[in-house]
Amino acid sequence: MALYEESVHKAFDRIKHSKLNAYITLDKEGALETAGKVDDGKVSGRLAGMTVAVKDCITTKGLLTTCGSKILSGYVPPFDAEVVARLRKEGAVITGKTNMDEFAMGTSTESSYYGPTKNPWDLTRVPGGSSGGSGAAVAGLECRMALGTDTGGSVRCPASFCGVVGIKPTYGLVSRYGVIAYANSLEQVGPMARNVSDAALLLDVIAGHDPKDSTSVPHDACYTDHLVEDVKGLTIGVPKEYFGEGTDKKVDNAVWSAIMKLDKLGADYKEVSLPHTKYALSAYYIIAMCEASSNLARFDGLRYGLRIGKDENWHTTFSRIRAEGFGEEVKRRIMLGTYALSEGYYGKYYLKALKVRTLIKQDFEKVFKGVDVLAAPTMPTTAFKIGEHADDPLSMYMADIDTVPVNLAGVPSISVPCGFAGKLPIGIQFIGGFFDEPKIIRTAHTYELNTDFQKLPEGF
Amino acid sequence: MAISVKDVQHIASLACVDLNETEQERFAKQFNSILEYFKELDGLNTEGVEPTYHVIGLNNVFREDDAYEPLPQEEALKNAPRHEKGYFKGPRIV
Amino acid sequence: MDGDGLEGSVIIGLEIHCQLNKLNSKLFCGCSTKQQGLEPNTMTCPVCLGLPGALPVINKKAVEYSIMVGLALSCEIAEHTQFYRKNYYYPDLPRGFQITQYDWPIASNGILTVEADGEERTVRIRRVHMEEDPGRLVHQGSIETSKFVLVDYNRSGMPLLEVVTEPDLRSPKEARRFINKLRNILEYLDVFDGSLEGALRVDANVSLRGGARVEIKNISSYKGVERALLFEISRQQNMKRRGVKVTQETRHYDDERNCTITLRTKEQAEEYRYYPEPDLVPLSVKSWEPRLKATLPELPDARRERFKKQYSISDDHAKVITSEIRVANYYECVAGKCEPRLAATWVADYLKGELNYRDRDIKDAFEPEKMIYILEQLKTGIITDKGAVEVMRALLDEGGDPKDIILSRNLAKVETDITKAAVKDVIKENLEAIRDYKDGKPQALNYLVGKVMKKTNGRADPAEVNLLLRELLECT
């Protein structure tokens, strides 16, 4: 059997026996077909024959796309997302669609209609979210790399919890065409991989202007060119607001050790302040909920998706379908968003949050005048237990404290493994200024080459 | 409490979601604690601060007035749970 | 409303939605705007079907057209303009929100004058904004009794321009004139074809002075506007007369039954939760203004003035001719080849009259070349006025070639010799009438003309017959 076809069989064999529940939909047939073509030399490209898993909120032509929601039961899109089209063009072997928090609303992948995904390092724990399926699939060798989406940390959080690399690109760098929107003004598709090189390669393929997305920025760069082992003269800012209270001591220590390591490798570091950080979480949730309440209005069972029971008048029917089709977290967010946008509250919540967003963005702009990159914990803790936050949504929201400021400001960030707490991986994020992906990739790559945290979970 | 069960019912109707009584009560409680948390923004003076709708300062993004091939009718209707004579079939209006 | 003493007590404001149906593609996607009369759901794509993940991109030409309309209505063009989401649920709205404008419309503060019984009324234009059309709902029977709804999204995403007036109109007739004039301007700008069904829809706000304001939604025909307003005004007047207070509400106009029905009251007002569309970026297009201004064609009022000067035609004729761009173009074509004043009479009075009688549009009339031929025949005396009208009617009803019609229907005037011969015969045969005429009874001449006309089967020119008769009678 030919090389690539064989690797596809291997991956699907592993998936078949997997306990992770990383995928919602598999496409073995399509994967084998592409792999066969690569073997035969009919398909080539920068990702030729490499297995890539795609988060289920990214539209795939002819392949079930559910967003982890019951409401999209049976939905088979008639078109490919731009990022998927780019994967295909470069010869990627798409293995299937990965599990996620319903509509990307979550930090644990527990809210999926298709059941929670498990963390490969500890099956009793969450893989992080919302791109938990992608994180677990990469860590668990069920694909070589994966696409996630990051609205408030949804790529970096599972990267951190699963011990892999994840990039949240600058807003506008990667096309959102075909990405089922949760919060349009915050989210970007990002690569996830077991090392920085693969992540940079995947970013090379998906980044670049797309005229179908009005928020896509014309910007050219080659990220793999920046896989350079050199941090000499680099100034690393350490934002004090990301450390201390609320952050697990072991996480705090691991991140500081990483900063020391980079210092040894020739970089300088200095403590800096992003004074509005503590307001980021509220601002983020208000904006995300408002946008979500509008984005999710289209799911009514008329054109696609779930349709149940006998029809009453349209409002009653739609309300029942949406009640049945949406999970609790989704209902909570669209209702709060509806409330926050309604008359009399728009100024108090939405507009206020957008003003806070300005201040947070300005914090980053100011700080990047004096430093090249920022280093901070990706998550304040390691992966938590499945069900740990089940009864308290607010406590789950708090876990996003270190990731959301980046989305509000639109700047890029990469999360890489930087140690362990017991057997659970810890992640450090390097944050850059607008379109500074080259700098954060170089920093992460240099750090990765000089450390030993790129491990496989036990038993893999 | 800032948000009553009645408020939740009104929001649910606006958001087009049918909720049972237990859900209404639970949401009312949760909304209050979440909105209480959001109150921390009230402490931040944002007078004179412009809101940021888009982080990237793009403007004037257009397409040319060119027509492309539409989806074939069967593709357009393919995902519809109910359709008839080429139309999507929906619940009655009144 | 005219003459019943209620002028001035009626206050009307209009919101007019016009499809920019001269564009090639829809507002936010590349589906064609030529979606009229197609099979349902055959002109859709992921964007206008609202499929998850699909994103809108603004049609540049739609923005240019909107600016041109703004300029034609003497509006200010915005420095900054942007799109919003208007959030509400309805089966015709595929995304659960409509992409429209809210704060920052593309144009505002314009004016348009309309004729208001002997004077010109200046109607202020509050704003002009862009938005997308929803899909189309089809009910089995009526909306109240239908057990389900059928939805066609071909219309979804059609580019609409909404023109909102201040409450400056004072009668249903003025409202109709305003709409006709607006339609005319849009057609002069070549951004709109008002003859397509559903191309123009109107919401109207009506109140009696001092009373509550009622919004009438969904008036979808030109004639419907006046009728809906007349109905609503008399409803409000009746309430006033009975001492019942008119309440602020939104009513739906039922064209078939010609009445308005409560849609929702003030208490049930919609909450649209407008917020800026995050998938589109703002526009700064004021700098396009000079370029687009330079491309603006001559507009109806200017053309009317020019016609009066250039062709020496009456104001009434100039008004009728320029009130529809196709008629104006038709006229200019004919006037270039014929005597312009003659052309004005025949286009404005006769042709328009015949078309109105048939409830037809000038674009369904015969070619101007045929009109030129008819007028040439008339001018050189080959056919009479009556004959010319007959040719026109035949062309409108059966088509064909005017030359053939004149020949086959024997409409060409008989030669003067034949007329002369007939006159001589008539004189010989009617000595008594001649005696009467000579005795000073001029009406006898009419009798004789009639006899000649009868003899020539009506083909002789009565004026010529008259002249010949008098000449001959003088010498005998």
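**Exercise 1.** Work out the strand order of the open sheet in chain A, and say which strands stand at its edges.

*Solution.* Start with the order: the open sheet of chain A has 11 strands, running β1-β3-β2-β4-β6-β5-β10-β11-β9-β7-β8, and the pairing is mixed. Keep in mind that we're working on a predicted model. Next, look at the two ends of that order. β1 (23-26) and β8 (268-272) of chain A each have a single partner strand, so one side of each is left without a neighbour in the sheet. Now for the twist: from one strand to the next, it averages 30°.

**Exercise 2.** Take strand β7 of chain A: in which sense does it pair with β8(A), parallel or antiparallel, and over how many bridges?

*Solution.* Find β7(A) at residues 235-239; its pairing with β8(A) is parallel and runs over five bridges. To pin down the register, pick Pro239(A): the residue opposite, in β8(A), is Val272(A).

**Exercise 3.** Say which strands helices α4 and α7 of chain A touch as they pack on the sheet.

*Solution.* Take α4(A) to begin with, at residues 132-139. This helix touches β1, β2 (51-55), β3 (93-98), β4 (145-150) and β6 (188-193) of chain A. For its orientation, compare directions with β4(A): the angle is about 155°. Then move to α7(A), residues 249-264, which touches β7, β8, β9 (373-377), β10 (413-421) and β11 (424-431) of chain A. Here the angle is taken against β11(A), and it comes to about 50°.

**Exercise 4.** Describe the salt bridge between Glu33(A) and Lys37(A), and place both residues in a helix.

*Solution.* Check the distance: the side chains meet with N to O at 3.3 Å, and the cut-off for a salt bridge is 4 Å. Then place the pair. Both residues sit in helix α2 (28-39) of chain A, four residues apart, or about one turn of the helix. For the wider tally, a search over all chains turns up 72 salt bridges.

**Exercise 5.** Characterise the interface between chain B and chain A, from area down to residue classes.

*Solution.* Begin with the extent: chain B puts in 50 residues and chain A 69, and about 5400 Å² is buried, with carbon and sulfur atoms giving 67% of that. Next come the polar links. There are four salt bridges between these chains; among them is Arg82(B) with Asp311(A), at 3.2 Å from N to O. Residue pairs in polar contact number 22, counting pairs with both at pLDDT 80 or more. Now ask which elements of chain B are involved: α1 (5-14), α2 (21-38) and β3 (87-91) each give two or more residues, and α2(B) gives the most, with 10. Finally, sort chain B's side by class: 31 nonpolar, eight polar and 11 charged residues.

**Exercise 6.** Do the same for chain C and chain A, and identify the salt bridge across that interface.

*Solution.* Count residues: chain C supplies 32 and chain A 36. The buried area is about 2800 Å², and carbon and sulfur atoms make up 60% of it. On to the charges: there's one salt bridge across this interface, and Arg176(A) forms it with Asp279(C), the closest N and O atoms being 3.0 Å apart. Polar contacts add up to 15 residue pairs, both at pLDDT 80 or more. On chain C's side, β4 (84-87) and β15 (275-276) are the elements giving two or more residues. By class, that side has 23 nonpolar, four polar and five charged residues.

Conventions: Residues are numbered from 1 along each chain as its sequence is written. Chains are lettered from A and ligands numbered from 1 in the order in which they are written. This is a predicted model: local features need pLDDT of at least 70, side-chain atom pairs count only at pLDDT 80 or more; totals for chains, interfaces and linings use all residues. Side-chain values use heavy atoms; hydrogens and water are left out. Contact means heavy atoms within 4.5 Å. Buried area is the accessible area (1.4 Å probe) that two parts lose on being put together, summed over both. A polar contact is a pair of N or O atoms within 3.5 Å; within protein, one must be able to donate a hydrogen and the other to accept it, and residues adjacent in sequence count only if both atoms are side-chain atoms. Ala, Val, Leu, Ile, Met, Phe, Trp, Tyr, Cys and Pro count as nonpolar, Asp, Glu, Lys and Arg as charged, and the others, Gly among them, as polar. Two strands pair if DSSP finds at least two bridges between them. Axes are lines fitted to C-alpha atoms, for helices over the stretch in contact, and angles run from 0 to 180 degrees between N-to-C directions.
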